[in-house]
Amino acid sequence: MFAPEVLGPAVDFLADRADGGRALELAVGTGRVALALADRGVPVAGIERSTPMAARLAAKPGADRVPVTIGDMATATAPGRFRLVYLVFNGITNLMTQDAQVACFENAARHLEPGGAFVCEVFVPQLRRLPPGEVALPFDVSEGHLGFDRYDVVEQRLVSHHYTVERDGSVTTGRSPHRYVWPAELDLMARIAGMRLAERWADFTEAPFTAESTSHVSVWRTAG
């Protein structure tokens, strides 16, 4: 999300939904989105579980504009109320149980002003592409990178595997576990938390969400 063509539309979208009010980023990380949003004049705060990530944010120019609360995004409380709460780059899938994901929605709702917006960016599970009996699905096969997801359809989880060829020819590997979640399931979580779906797009450019979309940016709002 550092690339301008990716970060720019995200910041535009979020600034518009902040509508002149305060914004809270869940899993703020090193602040790549929060600092860019603050540059647009939006007051931004963050919640981050990882103290090393928060330290990297604190070392960046302008970080004093983004106060960070250390804690779990499903339970931690940041001071005040916000017009916008947002969670980008598949962050909701880093919570590995349905209960934790519901708790995250409830926590977002607790932080919102009446009529406030909770925005999530998340991938759409690609189970339709899995051949019968198979569990692994590639999502990137390029000269310098191989990436594939290994699905566990019983537990509704997947592990993303990455193999990257570095400039010196060496190969680095990485893996990240996720609990994948369907758009309709997220809508139900929002209802449990007292919010309703207001918008759904394929991405931050507001491309239409269709049956072929591989991701979505959804906006749920509290009453008010």
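Start by selecting helix 2 in this predicted model: its buried residues pack against helix 1, strand 1, strand 2, helix 3 and strand 4. To see which residues those are, show the side chains of Val33, Ala34, Leu35, Ala36, Leu37 and Ala38. The helix is mostly covered, with 6 of its 8 residues buried. Before leaving, step just past the end of helix 2 and click on glycine 41, where phi is positive at about 90°.

Next, add helix 1 (residues 4-18) and keep helix 2 (residues 32-39) on screen. How do their axes cross? They come within 10 Å of each other, at roughly 60°. An angle between 35 and 65 degrees falls in the oblique class, so helix 1 is oblique to helix 2. If you turn the view to look through the pair, the crossing of helix 1 over helix 2 is right-handed.

Now show side chains at that crossing. From helix 1, pick Leu7, Val11, Leu14 and Ala15; they meet Arg32, Val33, Ala36 and Leu37 of helix 2. Colour this contact by residue class and you should get 7 nonpolar, no polar and 1 charged.

Hop over to arginine 65, in the loop that joins helix 3 (51-58) to strand 3 (68-70). Is arginine 65 buried, partly exposed or exposed? Its relative accessibility is 35%, so it counts as partly exposed. Beyond its neighbours within four places in sequence, arginine 65 is in contact with Leu35, Ala38, Asp39 and Val44. Leu35 and Ala38 are also on the list of buried helix 2 residues. For a distance check, draw a C-alpha to C-alpha line from arginine 65 to valine 11: the two are 16 Å apart in space and 54 residues apart in sequence.

For the last stop, bring up the largest nonpolar core, which has 30 residues. Leu26, Ile92, Phe105, Phe118 and Met195 are the ones with the most contacts inside it. At least two residues of this core come from each of strand 1 (23-26), strand 2 (44-48), strand 4 (82-87), helix 4 (98-111), strand 5 (112-123) and helix 5 (183-192). Helix 4 gives the largest share, 6 residues.

Zoom in on isoleucine 92. Leaving out its neighbours within four places in sequence, isoleucine 92 is in contact with Leu87, Gln101, Cys104, Phe105, Val122, Val181 and Leu186. Then zoom out and select a second core that lies apart from the largest one: it has 28 residues, including Val11, Ala63, Phe204 and Val219. Val11 should look familiar, since you picked it at the crossing with helix 2.

Key: Residues numbered from 1 in each chain as written. Predicted model: local features only at pLDDT ≥ 70, side-chain atom pairs only at ≥ 80, totals over all residues. Heavy atoms only, no water. Core = buried A, V, L, I, M, F, W, Y, C linked by side-chain atoms within 4.5 Å. Buried < 20%, exposed > 50% of the residue type's maximum accessible area, 1.4 Å probe, protein only. Helix = DSSP H or I, 4+ residues; strand = E, 2+ residues; numbered from the N terminus. Contact = heavy atoms within 4.5 Å. Axes fitted to C-alpha atoms, helices over the stretch in contact; angles between N-to-C directions. Parallel < 35°, antiparallel > 145°, perpendicular 65-115°, else oblique. Left-handed = near helix turned anticlockwise from the far one by under 90°. Nonpolar A, V, L, I, M, F, W, Y, C, P; charged D, E, K, R; others polar.
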